Every structure is written in structure tokens, then in C-alpha cells.
Amino acid sequence: MNIEIKNIKKLIIGQSVELDCGKIIKDFPLAYETYGTLNKNKSNAILVFHALTGDQFVTNINPITKRVGWWKTAVGPGKAIDTNKYFIICANVLGGCMGSFGPKEINPETNKLFETTFPVITIKDMVKVQKYLLDYLGIKKLLAVAGGSMGGMQVLQFTSLYPDSSYAAIPIACSASHSAQNIALNELGRQAIMADPNWKKENSTPDKGLAVARMAAHITYLSKKELQEKFGRKLQDKGSLKFSFDADFQIESYLRYQGANFVDRFDANSYLYITRAMDYFDMEKQFNGNLSLAFKNTKSRFCVISFSSDWLYPTIENKEIVIALNACGANVGFVEINSDKGHDSFLLDVPEFLKTLSQFLDSTYNEINNEKRI
Amino acid sequence: MKLIMKKEFNVIAQIIKNNKRVLDIGCGDGTLMEYLKVNQQNDVRGLEPEKNLVQKCISKGLSVIEGDAEKELVQFPKKSFDYVVLSQTLQAFLYPEEVLKQLLRIGKQTIVSIPNFGYWKVRLHLLFKGTMPVTKNLPHEWYSTPNLHMCTIKDFVNFCKEKNITIDRSLCLTNEKISEITNNNMFYKNIFSQLGIFVIE
């Protein structure tokens, strides 16, 4: 990671928080961003959880990376998560590298960067610390918690930990426990980083390893059909093979670009820690093999959304969440959106998805406000 | 809010009354669900195989799951709903008996409505035209009909007897008129009714 992070909102959490690994953290920063305006009775707040490589800058231009926010398709004025209507909060996850407490921070005890001495964190830890942000903002009950991929896992964990803290919950393209395939893919990324000779070397970053990790992961976010349609066997330039190992094919060049770009804005150790947290995520195990117990007390109304071409978090895994919710009598709706765009569908302009998202939020918002008027 | 819906749904809504937990199987665009929720304060869930209809329901603020009743019903716990509703869909299942078993397991009571294949127009159609009946209530041609297991009111009643399913109420609908079916009037009702509505457990 080469960019400097300054002038961002941070909450210093003074309370002691015991992490799942047993370590206790205290006085640590949680970087966050908000969009829109909190209404008088504080009933329009939506907590958005970001995915593996996301950050708190959901929409507009990210002031640090100068790129547009990761969920610009869904969040903004007049969009599905309408910033004219709702107050959107997003925090950089614990272990992240956009200002929150993570391996890129300085360990006050040693005055050195934490790097791999940072404690191993879990999705539960990430969620627990974000609750302090809600307390700080004075929000007792959210209108909704929403997120895709790892963001969806945080939605599930949040509703389980705080069953009466959100009217609605929208887990998108996620799973209640990371599959062997997903652990394998994450391990591939971690090994790429750890195999880079610059990893753990002073004053250097394992850029090559991190880029390879990103390239591999990026493939998993797309569908085969989309790759084929977008790139096929198209050649990069001149239309002829170069009989070398340069990027002959457009897809190669595209992936290299994705990898190279990523290392500028992401920390390799954060990548290790966050993928680990995802792999450790197993809500079923948290409740001794009975996932429905996780949602036993939930008062939230769920809308689970999956995408037909997502092979990373396929519909069947999303459906397991629905089944568990049904088994405990929770209020749940579910729809699989037809899309060729793979796992990344939730970040892209997929009209049916955005429509569902917007209408579900609207109906929830209207219902709550009608109830209050009565 | 005023909601206009077909007579059958009015009858079903009257049976259900207020403040009940209801599961609507094949809930379509959620018309009945919305009525039950808004006008009768029922806690309603739906199951619907068609994506676009599920999306419609979600947009109305209804909790509907996309899925096929033949596969999805096992996930619902025993007696988890006061009423399970199956409106004119039983005949379209590959294994209606299995679906019915699940409904009886999930619901304290189950409301099933069936298009009556014993209706006189249907009978006459087959008798005189000699082709598979196509009527207002059964508008499909034989080669494209979703209705795999048509039955008559009498068939359904006999089926319940055979399987030891208790019929709490049997109603029939003819040209928007509703009446009770009894052992005495069964012969006539089976000829003159377009739709049978049964409350079973």
C-alpha cells in the first residue's frame, strides 16, 4: 500500500474489547464515513458493511484513493439506498487498512507497525466494534443492516449478536459459513503474498504476491460466461501472438492491471487478516451445528438476495440462511436475481437487484413510519 | 387501504380472521397476502416459484421466498403456522399427495382450493366435443396445461377420507356465490361448482 491516509473520520474506542482469539484491545481507532442526514427520531440509519477489499467510502469519490466508492451503483441521491432519504454509515473493518485498527497501525508497545503481530480477528470481532460506533452516533435501532459477500456475513453476525437492533437485514451473496472452496481460494491468495520475498521484509511490501492474490480472487468474482463474452480469446495488441510470456491476451492484461492497481490501495497483511476472518466464519459452529439458533431471537425482517451466476457464494449457500431463518420462524424473504455478472453482481448495475433492494428498503421504511404515526 | 380481490380470496380471508400466522403457497403477486396483512393484521409469509412475482411481493413489503413447494416445504417446522393456504395449485404439483402431507404438517389448519373437474361445463365439453375441456377456470390446452392432476370435489373428499384427513369445512363457489358442501348435496355441488375450498387438518 503506497497511499497515505489522512484527514478521515475516526472514532477512538476507549472500551476494552475481548477478541475471539482471547486478546483484549483498547483505545483503538475505527475509521468511518457517513452519507445523508440522520432524521430527528434517528429512524433512517442504515449500517452498510463492506466486503474483503472495500472500505468506508461507499459512494462519491474516495478521498484517499481518488476512485469512486465501491457501492456507487446502489448508494447515492435517488439510488436504491437513497442518501436523500437515509443516513448511511460504513466503517472500515477491524483489520482493515483505511484507518481502522489493523496490521498497518503502529503498536504503541513496540513503536513498530503491527504487521503480522496483529491479533487474528474474526467477523464477530469486526461486528462488535462497529456497535460502539452506533452507540457513539446515538442510534439505538437501525432501519437496516446491509452488505454483500463478507459484508453479508457481518449482516448475519450483527443480527445474531444484536437481535433487536435493526428493523431490516439484507445479507447479499454470502454464506453462513465459509465453504472449503472459499477457504481454498483465500489460502491461494495468502500463499501468494507469503511467497513474495518482500513479505515481512523491512521497508518493503510484497506487491507481487498481493497482486497475484488479487488476480486470482478477481477471477472468482466473475462468471465464466461474462469472461468469455467480455474477453474471449481477444489479443491485446497487433492481433498476433508474440510467442512470449507477455500479456498476449486481453484477459491477461486486464488481470495484471487489476493486480497492479490493487497494491496501491491495499495492505498485504490486511489481506491476510481479513481473509482469515472470513475463513473462520462459521455461524453454524457458533451455535453447535444449529444455524437457526443463531437467529432465534431476531426481530429483524430479512431480505436474502443471491445471484444466479455467483459461484463463489452460490444460491444454495444463501438459501441455507433462508432455511435457518424459516426454521426459527423469522420474517424472511428471498430472491435469486438473474445475472451473468457473477459474484460481483452486487457491486454492478444490475437493475433487478437494485430495484429489489430499493423497494424492500422503502416498504420497510414506510411501514415503520406508518406504525409510529398510529 | 382498499383492496379488490377475487371472491375466492375473500372466502379464504374470512376463514382465517385476524391476527393469525399464515403461509401462502404459490402466493403469486401477493394479493391475498397483502389483504391478510393490511386488513386483518395477520403475520403472513409466502412461497412463490416465479422470480418476477417474488420481486413484486418484496416491493409490497411482503416476506416471500423464491422456491418450489415440492422442494422447499420441508424447511418449515411442524405446526409453525395457524393456516397454510394453497389456492388452486394442488393439481399442478408432480406429487400432490406429498405436498399435502407437508402442508398438514406445517399448518395447524390447511386451506386448499381446487378447480372442480366435475363442473358440468367441463363434463359437457368432454362428452360432446370429445376434446379435453378448456373453460374460463381451466383455460389451458392439454399440451400446455400446468395442471397435471385434475380432480373433482368428490375425488378430493374421497381422498381425504382415505388418508384420514379431517375436513373441518367444505365450501364451494359458483359464479361468485358461496355455499357449504354436505354429504346430502355432494352430488349436485360436484356438478354445479367451479371451485371447492376445504379447510383440513
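This report walks through a predicted model, going from domains to strands, a helix, two loop residues and the contact between chains.

**Domains of chain A**

The domain assignment divides chain A into domain 1, made of residues 10-179 + 283-373, and domain 2, made of residues 184-273. The centres of domain 1 of chain A and domain 2 of chain A, taken over C-alpha atoms, are separated by 27 Å. Where these domains meet, 20 residues of domain 1 of chain A are in contact with 13 residues of domain 2 of chain A. On the side of domain 1 of chain A that touches domain 2 of chain A, there are six nonpolar, nine polar and five charged residues.

**Strands of chain A**

Strand β8 of chain A, residues 87-91, is mostly covered, since five of its five residues count as buried. In a regular strand the side chains alternate between the two faces of the sheet. This can be followed in β8(A), where A:F87, A:I89 and A:A91 point one way while A:I88 and A:C90 point the other way, and all of them are buried.

Which strands are joined to β8(A) by bridges? One of them is strand β4 of chain A, residues 28-35, which is joined to β8(A) by four bridges and runs antiparallel to it. Another is strand β5 of chain A, residues 45-49, which is also joined to β8(A) by four bridges but runs parallel to it. Residue A:I89 takes part in both pairings, as A:T34 has A:I89 for its bridge partner, while A:L47 stands opposite A:I89.

Further along the chain, strand β14 of chain A, residues 331-337, is mostly covered, with six of its seven residues buried. Strand β13 of chain A, residues 301-307, runs parallel to β14(A) and is joined to it by seven bridges, and within this pairing the bridge partner of A:V304 is A:F334.

**A helix with a buried side**

Helix α6 of chain A covers residues 250-265, and its 16 residues, at 1.5 Å a residue, should span 22 Å; the end C-alpha atoms are 23 Å apart, which agrees. Buried residues in α6(A) include A:L255, A:G259, A:F262 and A:V263. Why do they lie on the same side of α6(A)? They cover an arc of only 100 degrees around the axis, and this puts them on the same side of the helix. An α-helix has 3.6 residues a turn, so residues three or four places apart point the same way. The buried residues of α6(A) pack against α4 of chain A, residues 207-221.

**Two loop residues with positive phi**

The table sets out two residues of chain A, each other than glycine, whose phi is positive.

| Residue | Phi | Loop in chain A | Other C-beta atoms within 10 Å |
|---|---|---|---|
| A:E115 | near 45 degrees | between β10 (112-113) and α1 (123-137) | 18 atoms |
| A:A173 | near 45 degrees | between β12 (166-172) and α3 (180-195) | 30 atoms |

A residue is buried if 20 or more other C-beta atoms lie within 10 Å of its own. With 18 such atoms, A:E115 is therefore partly exposed, whereas A:A173, with 30, is buried.

**The contact between chains A and B**

The contact takes 22 residues from chain A and 15 residues from chain B. On the side of chain B that touches chain A, α3 (51-59) and β3 (63-66) of chain B each supply at least two residues, and α3(B) gives the most, with five residues. By class, the residues on this side of chain B are six nonpolar, six polar and three charged.

How values were computed:
Residues are numbered from 1 along each chain as its sequence is written. Chains are lettered from A and ligands numbered from 1 in the order in which they are written. This is a predicted model: local features need pLDDT of at least 70, side-chain atom pairs count only at pLDDT 80 or more; totals for chains, interfaces and linings use all residues. A residue is buried if 20 or more other C-beta atoms lie within 10 Å of its own, exposed if 12 or fewer, and partly exposed in between; C-beta atoms are placed from the backbone. Two strands pair if DSSP finds at least two bridges between them. Two residues are in contact if their C-beta atoms, placed from the backbone, lie within 7 Å. Ala, Val, Leu, Ile, Met, Phe, Trp, Tyr, Cys and Pro count as nonpolar, Asp, Glu, Lys and Arg as charged, and the others, Gly among them, as polar. Domain bounds come from an automatic or database domain assignment. The expected span of a helix is 1.5 Å times one less than its number of residues. The arc is that of the directions from the helix axis to the C-beta atoms.
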